[in-house]
Amino acid sequence: MTTEIGFVFALLGITVALFISDKLRMDLVALMVVTVLAVSGIVTPAEAVSGFGNSTVIMIAALFVVGEGLFRTGVAAAAGNWLFKVGGSSETRLLCFLLPLVALLSAFMSSTGAVALLIPVVLSMARRSGMQPSKLMMPLAFAALIGGMLTLIGTPPNIVVSNALKEAGLEPFGFFEFTPIGAAVLLLGCIYLISVGRRLLPARDTEQPGDNCSVAGLTASYGVSGQLHKLVVQPLSPLAHKTAVESALRSEHKVTLIGIRRSGSLLSSILPVLANTRLEVRDELWVYGQEADIDRLCLSHRLTHYGSPEREMTRMRREFGVAEVLLPPGTPLQGHTVKEGAFRERFGLSVIGLRRRCEPLETDYRETRMEGGDTLLLAGSWERIRALEGRRDLVLLQTPAELGEIPAHGSRAPVALLVLLLMLVCMTAGWLPALPTILLAAMAMILTGCVSLPEALRSLNATSLILIAGMLPLALAMEKSGALAYVVEHLVALLGGASPLVLSTGLFLLTSLLSQFISNTATTVLIAPIALTTAQLLGVNPEPLMMTVAIAASTAFATPIASPVNTLVLAPGNYRFSDFARVGIPLQLLALGITLVLTPLLFPF
């Protein structure tokens, strides 16, 4: 063993130890590795920082933008609604649909891309159903990695072993020759993840400060919880053809009109309920008010009260919400009544609650005078609520968590879907390499307005990108120093004379082990020739050994740095290094058993 090989092994060991200890942030450890390699001389300084320009890192960054476009246009939420509808609030049922879905996507596109697209969907579902993301994120990542085993293009290692066979003058693997083994691993892997694996996952809180704020929580704190109602204007109603001001709903009946649905669509902030908005027969009025006031209004003005039907409420929440604002000391609104504040005219929002010295205050629209330090609960369209940011006359204190789930560019959803479809078709058909295809998709998302440039930049997960970019040069150092070849040579010396099944076991374990710390593609490039040469020396069919190497390369389950897929879910799931080993190692052993049983049956030695 040379000094350089010893140095690289020592650096790898210290890096893994720091990851496991959780004493330092993983991205900081990755930057430390880059620094050490830059001064070591094993790789050049340019090679030490080459990971930041690596195509994998660029591709992942672009996929963040594509995923953000799907999120901002509501496509991700629509997928989440479907999953939530079929899965409900049951973790088990949800995983039964989620895991096959991500595996199927990964069979035809990058597993990293599939996970990047589904992370916002899963986070949204977890928030809505009260589940902990830590129970969902790791199964999502592992199912995506298993999905790569299903087809020739599912993951680069499959293509590597197939090309190695072709270059040796042998028949390469077909598109679906990986499917039987991959499908068996997927089936048993899903059963494991849904049953045993889920119980091994941490139940860890991942919410950030302010995430507990919700529409229900805010309305409850102002004493107006359950006061949103749907009314319908009947023929001969005195309200028909009157403006919002003329109807005097707030001043005379203590009922606040916040939205109107007419001809099948709820009016958004483009046509807000302003002072001159006229009410028509059959209009659906969404109002805030106490039950007794609502009933009196319906009796005297020929309105039908439909209560708060859940289906309608769900649609309502997608359009309208609430926000808490503070009146700063010295505000021009001090001393004025709520009516004189003209919130609907100035902000397109209505005051539905007031708190003074942290206590809800019963508010009379015409009599109650506001003071500096009062907090108000405003209701209206989400677009108008977003417009409150940065105003000087009001201090925006809290917006509910639901605001983050409302698409900011919902009208661009068809465009976002088209961009995604073209990206998948282009990658599946092989019209362009993966990197330019994904870059084009990311740029299309920005240029078509599916996501703004500031939103795209904020979507980039710096921790994940730095970690991946920092670990790639370590893989290069192992290759250049001869450390990787050193390990491989000793394996051949140890197992070269063993039976084909024992050799398959050794190759699987070595490939799987190396894939936990370096790129599975790089591992396959180095191990595949060894497997091929060994098979030829032993006079056995190389296909089962090559298939074993390909499957093993996709079992990167035991560490968060084993695959970009694992790194992606690290932060959303709030995982530690040891969490992956606890759940992933049994899954690796399961894949090993399936591979050793099925491979000789499908590809006899």
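Are Arg-198 and Glu-91 buried or exposed? The points below address this and related features of the model, which is predicted.

1. Both Arg-198 and Glu-91 are buried. Their side chains form a salt bridge, with an N to O distance of 3.1 Å. The pair connects distant parts of the chain: Arg-198 lies in helix α10 (residues 179-200) and Glu-91 in helix α6 (residues 91-108), 107 residues apart. A search of the whole structure returns 10 salt bridges.

2. A salt bridge also joins the side chains of Glu-284 and Lys-230, at 3.7 Å from N to O. This pair links strand β4 (residues 284-288), which holds Glu-284, with strand β1 (residues 228-233), which holds Lys-230; the two residues are 54 apart in the chain. Both Glu-284 and Lys-230 are buried.

3. Five strands make up an open sheet, ordered β8-β7-β9-β6-β10, with antiparallel pairing. Because β8 (359-360) and β10 (395-398) stand at the edges and have a single partner strand each, one side of each lacks a neighbour in the sheet. Strands β6 (residues 320-326) and β9 (residues 375-381) pair in the antiparallel sense over 7 bridges. Within β9, Ala-379 is the bridge partner of Val-322.

4. Charged side chains also meet between strands of this region. Arg-355 and Glu-324 form a salt bridge of 3.6 Å, N to O. Arg-355 belongs to strand β7 (residues 350-356) and Glu-324 to strand β6, 31 residues apart. Arg-355 and Glu-324 are buried. In addition, Arg-356, Glu-371 and Asp-374 are joined into one network by salt bridges that share partners.

5. The largest nonpolar core contains 128 residues, of which Val-115, Leu-140, Phe-142 and Met-546 touch the most other members. Helix α4 (residues 55-72) supplies the largest share of this core, 10 residues. A second, separate core has 33 residues, including Val-224, Trp-286, Met-316 and Val-325.

6. The surroundings of Phe-142 merit inspection. Apart from neighbours within four places in sequence, Phe-142 is in contact with Leu-193, Phe-557, Asn-566, Phe-580, Val-583, Gly-584 and Leu-587.

7. At the surface, Leu-418, Leu-421, Leu-422, Val-425, Trp-431, Leu-432 and Leu-440 make a nonpolar patch of about 710 Å². Helix α19 (residues 413-429) contributes the largest share of the patch, 4 residues. Val-425 is placed in helix α19. Val-425 has a relative accessible area of 34% and is therefore partly exposed.

Conventions. Residues are numbered from 1 along each chain as its sequence is written. This is a predicted model: local features need pLDDT of at least 70, side-chain atom pairs count only at pLDDT 80 or more; totals for chains, interfaces and linings use all residues. Side-chain values use heavy atoms; hydrogens and water are left out. Patches are made of residues with over 30% relative accessible area and no salt bridge: like charges are joined within 9 Å, nonpolar side chains (Val, Leu, Ile, Met, Phe, Trp, Tyr) within 5 Å. Accessible areas come from the Shrake-Rupley method with a 1.4 Å probe; for residues, only the protein chains shown count as cover. A salt bridge is a side-chain nitrogen of Lys or Arg within 4 Å of a carboxyl oxygen of Asp or Glu. Buried means under 20% relative accessible area, exposed over 50%, partly exposed in between (1.4 Å probe, protein chains only). A nonpolar core is a set of buried Ala, Val, Leu, Ile, Met, Phe, Trp, Tyr and Cys residues joined through side-chain atoms within 4.5 Å. Contact means heavy atoms within 4.5 Å. Two strands pair if DSSP finds at least two bridges between them.
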